[in-house]
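Colleague: Hi! Could you walk me through this one?
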Amino acid sequence: MSARAWRIEVMHGVNLDQLGRRDPLLYGTLTLAELERRIETDARELGLATRFFHTNHEGELIERLHSLRDQADAILLNPGAWGHYAWAIRDALDIAALPTLEIHLSDVQSREPWRRVSVFDGLEQRFATVSGRGPDGYRDALALLREELERGRG
Ligand code: DQA
């Protein structure tokens, strides 16, 4: 075990504050607050510390990414629709230079063609994507993040 828990910045992008009133078949029925509680519990069981951030404003997400150095060890990001077109967020992740896992509740690869695009494709920091597993995907993502951080330390 590490001396202190790895710090995971869990970031939710545009429209994710509307969980609970979005299509339950795609996104489930949990509100964002309920999802965050679940993520926090799962993370604690895995020995990870979490901090949460949500915004509907692209510039705010970018400024948060700029501030992360020395504040987090890794990023778990559900960018919402930004992941399909917001190239400035890709650049900000590059600048943040932290291992990043991209997550989507729904299976973006089996939906409209524009959702199959990820602006993070080819970005070295994004070491994995979890998509289409609903809220359970967050637990998988946290386990993958821990593995990646342990590997990096090794
Ligand atoms: C999403 C998928 C995106 O395509 C969509 O725009 C969202 C949510 C997901 O979690 O499945 O807002 O990121």
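Modeller: Sure, let's go through the ligand and its surroundings.

Colleague: Anything I should know up front?

Modeller: This is a predicted model, where local features need pLDDT of at least 70, side-chain atom pairs count only at pLDDT 80 or more, and totals for chains, interfaces and linings use all residues. Residues are numbered from 1 along each chain as its sequence is written, and side-chain values use heavy atoms, with hydrogens and water left out.

Colleague: Which residues are around the ligand?

Modeller: Among them are Arg22, Tyr27, Asn78, His84, His104 and Arg115, where being near means having a heavy atom within 4 Å.

Colleague: How far is the side chain of Arg22 from a ligand oxygen?

Modeller: An N or O atom in the Arg22 side chain is 3.0 Å from a ligand oxygen atom.

Colleague: And what about Asn78 and His104?

Modeller: A polar side-chain atom of Asn78 is 2.8 Å from an oxygen of the ligand, and a polar side-chain atom of His104 also lies 2.8 Å from a ligand oxygen.

Colleague: Switching topic, what classes make up the shell around the ligand?

Modeller: That shell has four nonpolar, five polar and two charged residues. Here Ala, Val, Leu, Ile, Met, Phe, Trp, Tyr, Cys and Pro count as nonpolar, Asp, Glu, Lys and Arg as charged, and the others, Gly among them, as polar.

Notes:
A polar contact is a pair of N or O atoms within 3.5 Å; within protein, one must be able to donate a hydrogen and the other to accept it, and residues adjacent in sequence count only if both atoms are side-chain atoms.
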